[in-house]
Amino acid sequence: LPTHAGSSLEPEEHSMEPPAVPEEEMPLTATSGPAGCQLFGYVGIEAVLDQMKIKTMKTGFEFNIMVVGQSGLGKSTMVNTLFKSKVSRKASQPGQEERIPKTVQLQSITHVIEEKGVKMKLTVTDTPGFGDQINNENCWDPIIKYINEQYERYLREEILITRKRKIPDTRVHGCVYFVPPTGHWLRPLDLEFMRRLSKIVNVVPVIAKADTLTLEERAEFKQRIQEDLKTHAISVYPQEDFDQDPDDRALNDRIREKIPFAVVGADQEHQVNGKRVLGRKTKWGIIEVENPVHCEFPLLRDLLIRSHLQDLKDITHNVHYESYRVRRLNESNRP
């Protein structure tokens, strides 16, 4: 019996005897085994990976990241450190005096970054004014509205009769939330923001300016944050529900043990042992941001770019956008 994608998950009854296959229909160049067909010679199936690589390098890909946190926590510096270039909103507007807005205002800036022939259209969305006021009631509403607007824009392009061959993707793939380095517990503002936003976007919490804490304070603060997230049932990225196989679960479990990452950002180079390194200079020495002994910035960069960038995009499309799409189409179909 043919199986369909939306059918019941109950096991079907099958005959214990394999179906009879005419002798003339049996393949002559392969033998069936427990692991599938065993090829006698080279076919060239592995060249599909090369084809995909060449096509991706020609078309490039898109990655949209949002940074959220109070002013002065180093959001712009962290984004510049991540991509080793001046891609933040602040860096693109030199000479302008930055005024903290009275309400949350979202500002996006797009760059095209190329590395070894691979082009990436990077969009960085900053949220100046978040959490800076005395009354921060509903300060997350503009952020939720912006994220849903990008889903709505993609949905409208997708349901057109004549669709574009490649729909422009402005959906937010990852939201990096900067937690102030208080050394205590998460504030109610932090908890409420992550509780609301984790349902519609991939939220990655980080401890900003971790060099203001000692190693003992940092470890204790991180443990308290993990307890707060577990107590309030807040699922941050990488979510346990979306692990696809044991290997992914083992890798993500190691990442979840270290979240939130204690990071330090820097956009200036210094001379250390004859090498130029990115770091922050203090009177006690230089904090190297790319040294795992000094801070966990390399772990954050590996998560966002080197190991989980495609997974962030897949979960955004298959989970968060899909749930928005189902909700919107159900609303439009109601009488």
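Reader: Which residues of H2 are buried in this predicted model?

Author: The model is predicted. Helix H2 covers residues 75-83 and is mostly covered, with eight of its nine residues buried. Buried here means under 20% relative accessible area. The buried residues of H2 are Lys75, Ser76, Met78, Val79, Asn80, Thr81, Leu82 and Phe83.

Reader: Which residue follows H2, and what is its phi?

Author: H2 takes in residues 75-83. Next comes Lys84. The phi of Lys84 is positive, near 50°.

Reader: In what order do the six strands of the open sheet stand?

Author: The sheet is open and its pairing is mixed. Parallel pairing is found between E3 and E5. E4 and E5 run antiparallel. The order is E4-E5-E3-E6-E7-E8.

Reader: Why is one side of E4 and of E8 left without a neighbour in the sheet?

Author: Both strands have one side without a neighbour because each has a single partner strand. For E4, bridges run to E5. For E8, bridges run to E7. E4 and E8 stand at the edges.

Reader: How many bridges join E4 to E5?

Author: E4 spans residues 107-115, and E4 and E5 run antiparallel. Ile109 has Val124 as its bridge partner in E5. Glu115 stands opposite Val118. The number of bridges joining E4 to E5 is nine.

Reader: Which residue takes a positive phi in the hairpin of E4 and E5?

Author: The hairpin has two residues between the strands. One of them takes a positive phi near 55°. That residue is Lys116.

Reader: Which residue in E5 does Phe63 stand opposite?

Author: E3 (residues 61-68) and E5 (residues 118-126) pair in the parallel sense. Seven bridges link the two strands. Opposite Phe63 in E5 stands Leu122.

Reader: Which residue in E8 stands opposite Val206?

Author: E7 covers residues 203-207. E7 and E8 run parallel, joined by two bridges. Opposite Val206 in E8 is Phe261.

Reader: At what angle does H4 run to E3?

Author: Helix H4 is made of residues 141-158. H4 lies across E3, E4 and E5. Its angle to E3 is about 170°.

Reader: Which helix lies across E6, E7 and E8?

Author: The helix spans residues 215-231. Its angle to E7 is about 150°. The helix is H6.

Key
Residues numbered from 1 in each chain as written. Predicted model: local features only at pLDDT ≥ 70, side-chain atom pairs only at ≥ 80, totals over all residues. Heavy atoms only, no water. Buried < 20%, exposed > 50% of the residue type's maximum accessible area, 1.4 Å probe, protein only. Helix = DSSP H or I, 4+ residues; strand = E, 2+ residues; numbered from the N terminus. Pairing = 2+ DSSP bridges. Contact = heavy atoms within 4.5 Å. Axes fitted to C-alpha atoms, helices over the stretch in contact; angles between N-to-C directions.
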